[in-house]
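Q: Please take a close look at a single part of this model, and then set that part in the context of the chain that holds it.

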Amino acid sequence: MGHHEEFVDVRGIKIKLLRGGSGAPLLYLHGAGGAGVWLPFFDLLARDFTVLAPVHPGFAGSDGYDEIDNIHDLVFHYINLLDTLGLDSPAVVGSSLGGWLAAELTVHHRERVSKLVLIGACGLKVEGSPIADFFAPSPPELRRLVFHDAQSELATTAIPDTPSAEQLDAILRARQTAARIGWNPFMYDPKLRDRLFRIAAPTLIVWGEDDRLVPIEHAKAYQEGIANSQLATIEKSGHVPVLENPAQTARAIVQFLKS
Amino acid sequence: MQFFMFHLMPWPDVPEDFDDLSKYPSAWVTFSNRYYDPVKGHQLYNTYLDQLEYAEQLGFDGACVNEHHQNTYGTMPAPDIIAAMLTRRTRRMKIAIVGNGLPLRDHPLRVAEEIAMLDVVSGGRIISGFVRGIGNEYFSMGINPTYSQERFAEAHDLIIRAWTEDGPFQFEGKHYRVRYVNLWPRPLQKPHPPIWIPGFGSRETVEWCAHPSRKYAYMATYMPEEMIKFFFDLYRESASKHGYEASPYQMGHLIPIYVGETDKIAQEEAKSGILWLYHRGLRLKWEYVFPPGYVSVDSMKRTTANAAALDWAKMDFNYLNDKGYCIVGSPETVRQRLSAYVKELGFGLLLGLLQFGDLPHYRVVKNMELFASQVMPKLRDEFRTMQQKWLKAA
């Protein structure tokens, strides 16, 4: 399915944006692993929606690393992005770090999000179930942490032992931007849990059954905090169901957004 | 030339199967402190302090201590505390703290205050090193590594201003904001204690040190000779671009040294300790050493390409000794090699690591005595002219 790449000036920050499909707008917020690549998962959504997948400031392809100190700076950036793109209240789908961002965005600007999808979202502190450290592991350790099947071609391609120059650049930028936002507290906002009540949008929480990075207890905490929410678990998937099981993930999301 | 006795205060008592890398992939961050025995630590700290104090008696110009956290390589998380002990037990020699990990501290003014106190109590014998702390320590201390460079720069500026300006004044940074900076006590040395910056391969650090507003001494650590030459040349070039000639006393070389009666004896006695240092104490995990944002993306790419030069685990004793990661030999061998290094590299500060790894006390004492009696005086004589020229210039 067709898509194209463009660059958008969001109040002085040059942002890379992938756009494809047709229908109601769907804003996809990527995780700490990086972005900028059109995924098979997007094709499955693009049949019913106009998929807009921007690259966060500081990640490879977008500028603005020095403008972002914390998750709230990203929220501010995305409100500007919605205004720049003329989006009133799209569906927002966020994975991992992007899920945290989507939840914060909706807490602060509930009128700008029609429906919310949180996939393996970090952002919460859940006593006894900390989010795993993904900065310390070596590539093989990281594959075991992130993927249900760490031996798969998908896993070794996404997290290679010896990345190409271009991959290395993307990895280093992704790591430093993610660390700036989430080194300490580790990938959460201590106050977010008590603020989730502000989310009124219908919310789908999507979690890989085998997520070792953000334990399933976080899905339950989101479910408890958000009144109008439901949980869908994805088979044969670790932390990134959009990569490991795009078919089931997209099916659950499309069904939810169209209902 | 000036001669300093450097100490890391290692914890050599690791488990017997420590070389099983699957069990102990790192000597830092995750190597459990259940292997630290405070009863033995009591004896070890005091032995190490005896060694540093002995350096004054033997005629060293000074002793060096440094800061490292949560590891077996060096058990001096608070170097100002060790410096404080030495301050009252010595009378003449310099005490160099190389250095305080500025971004790791909650507040730079605590560093400014501690150094000022030490400088006043010691009668102006303190040398103040500043470091960022190595990457591992950002994991161990929970400090965000992506702010390491800017926190260092800002903390440095605040400390220098606190030492040199009349207070109270207001400081408004991104990371540190203080309405009333008004340091009591002020340091004794004017304008402030000398500043040394240990380096680990960053060009930006060398150029920053060489700037005429600073002229901080740059210390090369654990690098092979050709790498040190590159950085010292870079220092001299930066200085001349700024229109001045860099003094040898703006460059220091930290290196493990062992002097024995003969080359053979020295090698036999030093080997275990040298290998302990490079294969065990410095057992680092790449992801710990370079946490995200600790250096710029471009610098990180260069470092990734040069990784082999710092992969000490692959180097055997002879390689380490030949390439200049240590200097081990008879008094004459050590003298000749150091003399050649000084001529080749042009540095004036020698920081000898005379205790390393599991080197036992009696050998440390013998090493110090042989170095101080048979190597140091000859090097002092040989480079006396250099000394006079530069001390006059200073």
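A: What follows describes one residue of chain B, then the chain around it, and then the side of the chain that touches its partner.

The model is predicted, and the residue chosen here is A96(B), whose place is in strand β3, spanning residues 94-101 of chain B. Because A96(B) has 30 C-beta neighbours inside 10 Å, where 20 or more are required, this alanine counts as buried. Leaving aside residues up to four places away in sequence, A96(B) touches F4(B), G62(B), C64(B), I127(B), G129(B) and W196(B). The C-alpha atoms of A96(B) and N66(B) lie 8.3 Å apart in space, although 30 residues separate the two in sequence.

Turning to the chain as a whole, among contacts between residues at least 6 apart in sequence, 77% in chain B join residues at least 24 apart. Chain B has 14 helices and eleven strands, and 46% of its 394 residues count as buried. Its C-alpha atoms fill a box of roughly 60 × 50 × 45 Å along the principal axes, and the radius of gyration of chain B, 20 Å, agrees with the value near 21 Å for a compact globule of 394 residues.

As for the partner, 14 residues of chain B are in contact with 15 residues of chain A. On the side of chain B that touches chain A, α9 (286-289) and α10 (297-305) each supply at least two residues, with α10(B) giving the most, namely four. The residues of this side of chain B comprise seven nonpolar, five polar and two charged ones.

Methods:
Residues are numbered from 1 along each chain as its sequence is written. Chains are lettered from A and ligands numbered from 1 in the order in which they are written. This is a predicted model: local features need pLDDT of at least 70, side-chain atom pairs count only at pLDDT 80 or more; totals for chains, interfaces and linings use all residues. Two residues are in contact if their C-beta atoms, placed from the backbone, lie within 7 Å. Ala, Val, Leu, Ile, Met, Phe, Trp, Tyr, Cys and Pro count as nonpolar, Asp, Glu, Lys and Arg as charged, and the others, Gly among them, as polar. The radius of gyration is taken over C-alpha atoms; the globule rule is 2.2 Å times the number of residues to the power 0.38. A residue is buried if 20 or more other C-beta atoms lie within 10 Å of its own, exposed if 12 or fewer, and partly exposed in between; C-beta atoms are placed from the backbone.
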